[in-house]
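Biologist: Before I rely on the terms used for this model, I would like to go through them one at a time and hear what each rests on.

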Amino acid sequence: MDNWYGFQPDAIPGLSVTVDYWNIKVTGAVSSPTVGDAIAACFDNANVANPFCSSQFISRNPSTGGLDGDPSNTKGLILQQSNLGTISTDGVDVSVRYNTDITDNIGLAMSFDGTWTNKNLFQASSTALNRECVGFYSVNCNPQSEFAFSQRTSVTIDEDYTISLRWRYLSGVEQEPQDILDNGQAFIGNSPLFGDVDFTQIPAESYFDLSFQWDVNENVLFTLTAQNILDNQPTVVGSNIGSTAFNSGNIYPSSYDAQGRRYGASVKFKF
């Protein structure tokens, strides 16, 4: 289901607002169980007759019995795909645009695109946990902020020069409650590598990007950019609280800026 509403108030020329409520449910989703699902399927009923404890699903090191070792004979948890998954999510998207002239030669443009996610549930099968990931992260959940937005303010001078500041925001997340029940609370304390750490939470994050564009002529556009100008560094969460696909180098580079402040320049030609 997707319902959207848009309006442009006469009292504020140049303003437009769009609100979109979405509610999506997918059954028969082609998906793999989470790490927590695979472990629970075996250890919630651990016995030799349980097929989910067999080497078809859990491949152990023949020497140590662990889940790590030579990939040729130790595959660890085998997360097989099926079409038994159910995904259910809903939330609200808000988009705001405002354009006005400050003077005859100076224009102002502002935009806001934000998302509030009410829920994001995943159930690998009818017997698996219906797992909520909004506001959480773990081996089962890539960080899913409840609130996220991007806001841009641009000033154009003489229609040729544009300076823009963009604000990217992600609300804070914390260790998945079910992961705490299954595996215990993540580490809080002093790390010899990272100092005082709290692996159980990632605070809200804001990034600011600055750009300058110059329309040299109708065929040439020159652009300078500075991303993450405050040089915000990602929160360290350790190497055990996320799957390798998402948690790389003790952080979540797919969700948070791992490169720090950086600069760029480009020239675009039209022929």
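Biologist: What makes E10 and strand E15 (residues 205-217) a pair of strands?

Modeller: In this predicted model, E10 and E15 are joined by ten bridges and run antiparallel; since two strands pair when at least two bridges are found between them, the ten bridges satisfy the criterion. One of the contacts sets tyrosine 169 against its bridge partner in E15, serine 206.

Biologist: How do you know that strand E9 (residues 147-157) pairs with strand E10 (residues 161-170)?

Modeller: The argument rests again on bridges, for E9 and E10 share ten of them in the antiparallel sense, where at least two are required. Within this pairing, arginine 152 of E9 stands opposite arginine 166 in E10. The two strands form a hairpin with three residues between them, and aspartate 158 in the turn has a positive phi of about 55°.

Biologist: Why are the rings of phenylalanine 149 and tyrosine 169 called stacked?

Modeller: A search of the whole structure finds ten aromatic pairs. For phenylalanine 149 and tyrosine 169, the ring centres are 5.0 Å apart and the planes stand at 20°; rings count as a pair if their centres lie within 6.5 Å, and as stacked if their planes are under 30 degrees apart, so this pair is stacked. Because phenylalanine 149 lies in strand E9 and tyrosine 169 in strand E10, the pair ties together parts that are 20 residues apart in sequence. Ring pairs also link Phe112, Phe149, Trp167, Tyr169 and Phe208 into a cluster.

Biologist: Is tyrosine 169 buried, partly exposed or exposed, and what makes it so?

Modeller: Its relative accessible area is 23%; buried would require under 20% and exposed over 50%, so tyrosine 169 is partly exposed.

Biologist: What makes the contact of aspartate 209 with arginine 166 a salt bridge?

Modeller: The side chains meet at 2.8 Å, N to O, and the limit for such a nitrogen and a carboxyl oxygen is 4 Å, so the contact qualifies as a salt bridge. Aspartate 209 lies in strand E15 and arginine 166 in strand E10, so the pair ties together parts that are 43 residues apart in sequence. With a relative accessible area of 6%, aspartate 209 is buried, whereas arginine 166, at 24%, is partly exposed.

Biologist: How do you know that aspartate 257 and arginine 262 meet in a salt bridge?

Modeller: Their distance is 2.9 Å, N to O, which is again to be set against the limit of 4 Å. Aspartate 257 is buried, with a relative accessible area of 8%, and arginine 262 is partly exposed, with 21%. Salt bridges that share partners join Arg166, Arg168, Asp209, Asp257 and Arg262 into one network.

Biologist: Which parts does the salt bridge of arginine 131 and glutamate 176 tie together?

Modeller: The structure holds eight salt bridges, among them the one in which the side chains of arginine 131 and glutamate 176 meet at 2.8 Å, N to O. Arginine 131 lies in strand E7 (residues 131-132) and glutamate 176 in the loop between E11 and H2, so the pair ties together parts that are 45 residues apart in sequence. Both arginine 131 and glutamate 176 are buried.

Biologist: Why are E8 and E14 said to stand at the edges of their sheet?

Modeller: The sheet is an open one of three strands, in the order E8-E11-E14, with mixed pairing. Strand E8 (136-137) and strand E14 (201-202) each have a single partner strand, so one side of each is left without a neighbour in the sheet. Between strand E11 (residues 173-175) and E14, which run antiparallel, there are two bridges, and the criterion asks for at least two; in one of these contacts valine 173 has isoleucine 202 as its bridge partner.

Biologist: Which elements line the second largest pocket?

Modeller: That pocket has a volume of about 690 Å³. Of the 30 residues in its lining, the closest to the centre are Pro33, Asp37, Ala38, Ala41 and Ala128. Helix H1 (35-43), strand E5 (82-101) and helix H2 (177-183) each give two or more residues to the lining, and H1 gives the most, with seven. By type, the lining residues divide into 14 nonpolar, eleven polar and five charged.

Terms used:
Residues numbered from 1 in each chain as written. Predicted model: local features only at pLDDT ≥ 70, side-chain atom pairs only at ≥ 80, totals over all residues. Heavy atoms only, no water. Helix = DSSP H or I, 4+ residues; strand = E, 2+ residues; numbered from the N terminus. 1 Å grid on protein atoms, 1.4 Å probe; cavity = no way out; pocket = protein on both sides within 12 Å on 5 of 7 lines; lining within 4 Å. Points joined across faces, edges and corners; volume = space filled by probe spheres on them. Nonpolar A, V, L, I, M, F, W, Y, C, P; charged D, E, K, R; others polar. Phe/Tyr/Trp six-rings, centres within 6.5 Å; stacked < 30°, edge-to-face > 60°. Buried < 20%, exposed > 50% of the residue type's maximum accessible area, 1.4 Å probe, protein only.
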